[in-house]
Amino acid sequence: QLMGQKPLWEFTCLYASLLPTDLAINACTEFWLVSVVQEEDRRMILKHARDNFREGMDLVILRNVVRSSIAMSAEDADSLGISSLPGLPDLPMFSAKKGERLNPALEDSIAHNDVRKMHSIRWLCINDQHYAHALVFSNMLLRKMLLESASLNAPFSSYDKLDDWTQDSKVYSAKVFLSRFIPADFIRATNDIIESKSFHEIYKATTESFCVEHQALVQLLDAHDSYEIWKEVISQVSPCSTFAPDTRFEANGTMENEVAMNMEKMSYMKRKRQNVRKVLQVASIARDDILRMLDGGWLSDVDTSVEAISGDEDFSTRREEVELLRRSCLPTFVFLAFRILYDTGLWIDEFVKDIKDIFDEEEGNIILHRIYSADCRTDGEGDKEMNTLLLSTTWYHDTLLLANIVSSTSNGIVINMTKEQVAELQAKFADTSIRLMLAVQEGVPKNYRNSLNC
């Protein structure tokens, strides 16, 4: 009767404490799972649970609730009337991940069942002493959402038809979970708890393993965010700019015409400079994020031989899911890295070609020098690096260096690629070698070579 009347919920823990322990745990597990869905109600219930239950009993119930929620199917949730309660929050419950990108179409495609599971883990985020358990279940949910994604399960046909995950609702759901449901200081706070004297030494290595796994999953999704930003920018920012001098002054004499021409050149160079800097900024970030992930042996340093704290998860299931994620994700991210490097090189080639098509060789070289050397007006190392990135040969060379990362045994990438994927990648490297050779033969204009040394 108390559970059926919300104004009396604050007394449920008191009366449950009078029941035999097993009966109290089962009753509260079902009640918390089905009825207590709002954040303020959960906080109230947990406060009374700590006041009335013996120490640790609230955590036993919480683990049962979260484990049951994640394992529950959409059909079972529908039968209990909890499939769509509560809904997806419009604003982050914690500080949003910096640069969170909303996709209205994918926002609407997030399954209610996934939202329900995300909310269930919030039970373990109310009290930071439960973070170690929240970590286990968070990783569990992230792995399940990624492994259920259509993109990860799509068969590989070719590089040109590669599914890059940008329209995958499950991948987007995983990002939403990290940005809106997990505390911003989650890993730092968990590490602090691990190092505290109150944390049981026997669980320390286990929890550290889950911290490493969580950081790897975050790294994967952050790298994909960077790829999405690069893809959007490079598709919207053209390497070509219009050059349309004012023809009204052609008949007024040389001076007026020359002034009009110089003004259009300045405007043209400004547009070109803004465009190239915008592309190279996002390209360098996406390159660094994905290569850092690939070159770190992604998920390979996660110790899957240890069982989760208090048996929250079967270690054999976790090991299988981690191995499956490596087989599914690594080949895709190798091709995404290739796309970023190679296509950025192509964009720069078109950027230079646009100038050469408009101006003769001498004037084109001067304009290139002026566009590039504008970044050398400060002494910052970053500006010099930007000038190096303005060469397509830099990007083609980095593309070929990707082979070193892929072939490294410590990264374990090749063993997770099919023969077809390896053959496709080798063919793309061969094409890149030709591109690099042609770019080198084209040479660097003298004026631009001087700007590289500025």
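For the tallies of cavity linings below, Ala, Val, Leu, Ile, Met, Phe, Trp, Tyr, Cys and Pro count as nonpolar, Asp, Glu, Lys and Arg as charged, and the others, Gly among them, as polar. Welcome to this structure, which is a predicted model: local features need pLDDT of at least 70, side-chain atom pairs count only at pLDDT 80 or more, and totals for chains, interfaces and linings use all residues. Residues are numbered from 1 along each chain as its sequence is written, and side-chain values use heavy atoms, with hydrogens and water left out. The chain has 19 helices and 0 strands; helices (H or I, at least four residues) and strands (E, at least two) are DSSP runs, numbered from the N terminus.

**The chain as a whole**

- Of the 454 residues in the chain, 49% are buried; buried means under 20% relative accessible area, exposed over 50%, and partly exposed in between (1.4 Å probe, protein chains only).
- About 22,000 Å² of the chain is exposed, and carbon and sulfur atoms supply 52% of that area; accessible areas come from the Shrake-Rupley method with a 1.4 Å probe, and for residues only the protein chains shown count as cover.
- Among contacts with a separation of 6 or more, 82% join residues 24 or more positions apart, where contact means heavy atoms within 4.5 Å.

**Confidence**

- The average pLDDT of the chain is 86, and 86% of the residues score at least 70; pLDDT is the predictor's confidence in each residue, from 0 to 100.
- Two stretches have pLDDT below 50: residues 93-98, with 17 contacts in the model beyond near neighbours in sequence, and residues 449-454, with 12 such contacts.
- Among the elements of the chain, helix α17 (residues 392-407) has the highest mean pLDDT, 96, and helix α19 (residues 446-452) the lowest, 48.

**The largest cavity**

- The model holds 2 cavities of 30 Å³ or more. On a 1 Å grid over the protein atoms alone, a cavity is a set of points where a 1.4 Å probe fits but cannot get out, and lining residues have an atom within 4 Å of a point.
- The largest cavity has about 80 Å³ of space; grid points are joined across faces, edges and corners, and a volume is the space filled by probe spheres set on the points.
- Its lining has 12 residues, and those nearest the centre are L33, R42, S69, R116 and S120.
- Helices α2 (21-34), α4 (57-71) and α7 (112-121) each give at least two residues to this lining.
- By class, the lining of the largest cavity splits into 8 nonpolar, 2 polar and 2 charged residues.

**Helix α7, a contributor to that lining**

- Helix α7 is mostly covered, with 9 of its 10 residues buried.
- N113, D114, V115, R116, K117, M118, H119, S120 and I121 are the buried residues of α7; R116 and S120 are also among those nearest the centre of the largest cavity.
- The packing partners of the buried α7 residues are α3 (39-52), α4, α5 (74-80), α8 (131-147) and α10.

**The second largest cavity**

- The second largest cavity has about 30 Å³ of space.
- Its lining consists of L106, W165, T166, D168, V171, Y172, K175 and E228, which divide into 4 nonpolar, 1 polar and 3 charged residues.
- Helix α10 (residues 169-180) supplies the largest share of this lining, 3 residues.
- W165, from this lining, lies in the loop between α9 and α10. W165 has a positive phi of about 70° although it is not a glycine, and W165 counts as buried because its relative accessibility is 1%.

**Other residues to look at**

- E148 sits in the loop between α8 and α9 (150-153) and counts as partly exposed because its relative accessibility is 43%.
- Leaving aside neighbours within four places in sequence, E148 touches N153 and K170. E148 and V171 are 23 residues apart in sequence and 9.1 Å apart in space, C-alpha to C-alpha.
- L299 is in the loop between α13 (254-294) and α14 (315-358). Its phi is near 65°, a positive value in a residue other than glycine, and L299 counts as buried because its relative accessibility is 3%.
- L368 belongs to helix α15 (residues 361-373) and is buried, with a relative accessible area of 2%. From L368 to F351 is 17 residues in sequence and 10.0 Å in space, C-alpha to C-alpha.

Note on methods: 1 Å grid on protein atoms, 1.4 Å probe; cavity = no way out; pocket = protein on both sides within 12 Å on 5 of 7 lines; lining within 4 Å.
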